[in-house]
Amino acid sequence: MQSTTNDPILEVRRLRAHIGTPRGVVRAVDDVSLTIGHGQALGVVGESGSGKSVMAKAIMGMLPRRSGCSGHILFRGRDLLTLPDKERRQIWGTQIALVLQDPGRSLNPVVRVERQLTEGMRRHLGVGRTEARARAVALLKEVGVPDPERRLRSYPHELSGGMRQRVMIATALACEPELLIADEPTTALDMTVQRQILDLLRRIQRDRGTALMLISHDLAVVAGRTDRTAVMYAGRLAEVGATSSVFAAPRHRYTHALLGAAPTIDHPRHAPLRLITGTLPDPVDPPAGCRFGPRCAAARTECGVPGPVMTSVADDHRVACCVPVTPTALQETGGDSVGW
């Protein structure tokens with residue numbers, strides 16, 4: 001199957017990923033379907049344990065031992081789950097690249113930055129040492145590393161956390177991938193550097209026309225930096241749509257609760273934050289129906305049966321909720337006044 005320019009660059013269809021544990025099988029990703037268009041930025045948000053990172057690792061073929069995966073992961077029309085290993089390795093790291101949250105653990109501490117930046121280019125692009133070094137200098141300049149000639153001679157431990165993350169991004173871009181997956185890329189950084197890195201990713205995505213999957217537990221990370229947003233809960237997709245629509249008019253009860261619990265600039269200083277009561281369900285034995293049901297004040301009998309299925313509530317806005325938040329209710333509760 002060959003892709004066309006109108007096809008999405010990545011299409012995940014009914015993806016399921018499970019991981020074996022001493023307690024039993026964890027269904028970390030359960031029947032998730034989503035797409036990313038060419039040059040589009042998709043934010044994937046949800047609490048820790050919602051399956052975001054497992055989905056990213058399934059796309060990159062990095063699931064741990066004692067795990068399994070089914071469904072379809074179509075990249076430019078080719079299913080990564082059925083391709084021969086050799087063809088998949090030619091795609092991973094070159095056409096699809098991954099930026100992880102901890103560059104200190106991802107970069108080799110005993111190898112200089114230059115070698116880590118140029119190794120992939122020389123192997124996959126077939127360029128010589130001189131050209132690879134020149135490209136590495138240009139990449140470090142692009143990601144905002146000062147004095148790139150000197151930094152190439154550095155070891156990772158000689159760089160700050162923010163600089164290491166910039167080097168990680170440069171390494172991911174070295175082979176000019178068409179899709180960049182950034183999995184919690186700023187978790188280990190302070191607030192000022194976080195914003196710089198996130199703005200850098202968005203600028204690179206726009207300037208290069210690279211598709212971006214930005215994964216985070218923080219709603220503020222994807223707000224204003226992505227074209228579309230997918231909200232995951234307990235391994236399933238709860239809501240997906242244009243970022244402006246999801247934030248201004250969240251229809252799933254979980255998304256609505258998340259936005260309501262987020263602190264805003266106009267929140268009274270001494271007033272308590274609104275919390276979502278309860279915890280994520282047991283990943284080994286989740287509820288048969290809506291997994292948010294036990295925490296949802298609006299849950300009904302029909303929420304307890306298998307389902308619910310994804311339903312369109314507006315153009316490019318789908319939700320898996322038996323009792324979605326209505327536009328009238330949004331107006332009564334302030335709607336888009338949550339500060340996004």
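In the predicted model, R88 is a residue of helix 2, which covers residues 85-91. Its relative accessible area is 17%, so R88 counts as buried, the cut-off being under 20%. Apart from neighbours within four places in sequence, R88 makes contact with L80, L81 and L83.

V54 belongs to helix 1, formed by residues 52-59. V54 has a relative accessibility of 17% and is therefore classed as buried. When residues up to four places away in sequence are set aside, V54 touches A17, I19, A28, V29 and L63. The C-alpha atom of V54 lies 9.1 Å from that of H18, although the two residues are 36 residues apart along the chain. Helix 1 as a whole is mostly covered, with six of its eight residues buried. Besides V54, the buried residues of helix 1 are K52, M55, A56, A58 and I59. Just after helix 1, G61 adopts a positive phi of about 70°.

Helix 8 comprises 18 residues, 191-208. At 1.5 Å a residue, helix 8 should span 26 Å, and because its end C-alpha atoms are 26 Å apart, the expected and modelled spans agree. At the start of helix 8, D190 places a side-chain oxygen within 3.1 Å of the backbone nitrogen of T192. Just after helix 8, G209 has a positive phi of about 70°. Buried positions in helix 8 are V193, Q194, I197, L198, L200, L201, R202, I204 and Q205. The elements covering these buried residues include three strands, namely strand 3 (41-45), strand 7 (179-183) and strand 8 (211-216). Helix 5 (129-142), helix 7 (161-173) and helix 9 (219-222) are also among the elements that cover the buried residues of helix 8.

Empty space in the model was examined next. Rolling a probe the size of a water molecule over the atoms shows where such space is left. The largest pocket holds about 640 Å³ of space. Its lining consists of 26 residues, and G93, L98, Q116, T171 and A172 are the ones nearest the centre of the pocket. Helix 4 (113-125), strand 6 (96-99) and helix 7 each provide at least two residues of this lining. Helix 4 makes the greatest contribution to the lining of the largest pocket, with seven residues. By class, 14 residues of the lining are nonpolar, eight are polar and four are charged.

The second largest pocket has a volume of about 500 Å³. There are 21 residues in its lining, and D31, R236, L237, P308 and A320 lie nearest the centre of this pocket. Strand 2 (24-36) and strand 10 (236-242) each contribute at least two residues to the lining of the second largest pocket. This lining contains 11 nonpolar, four polar and six charged residues.

One cavity of 30 Å³ or more was found in a search of the whole structure. The largest cavity encloses about 50 Å³ of space. Four of the residue positions along its lining are C290, C296, C303 and C321, and the lining also includes C322. F292, G293, A299 and V323 line the largest cavity as well. The lining of the largest cavity has eight nonpolar residues, one polar residue and no charged residues.

Definitions and conventions:
Residues are numbered from 1 along each chain as its sequence is written. This is a predicted model: local features need pLDDT of at least 70, side-chain atom pairs count only at pLDDT 80 or more; totals for chains, interfaces and linings use all residues. Side-chain values use heavy atoms; hydrogens and water are left out. Helices (H or I, at least four residues) and strands (E, at least two) are DSSP runs, numbered from the N terminus. The expected span of a helix is 1.5 Å times one less than its number of residues. Buried means under 20% relative accessible area, exposed over 50%, partly exposed in between (1.4 Å probe, protein chains only). Contact means heavy atoms within 4.5 Å. A polar contact is a pair of N or O atoms within 3.5 Å; within protein, one must be able to donate a hydrogen and the other to accept it, and residues adjacent in sequence count only if both atoms are side-chain atoms. On a 1 Å grid over the protein atoms alone, a cavity is a set of points where a 1.4 Å probe fits but cannot get out, and a pocket is an open set with protein on both sides within 12 Å along at least five of seven lines; lining residues have an atom within 4 Å of a point. Grid points are joined across faces, edges and corners, and a volume is the space filled by probe spheres set on the points. Ala, Val, Leu, Ile, Met, Phe, Trp, Tyr, Cys and Pro count as nonpolar, Asp, Glu, Lys and Arg as charged, and the others, Gly among them, as polar.
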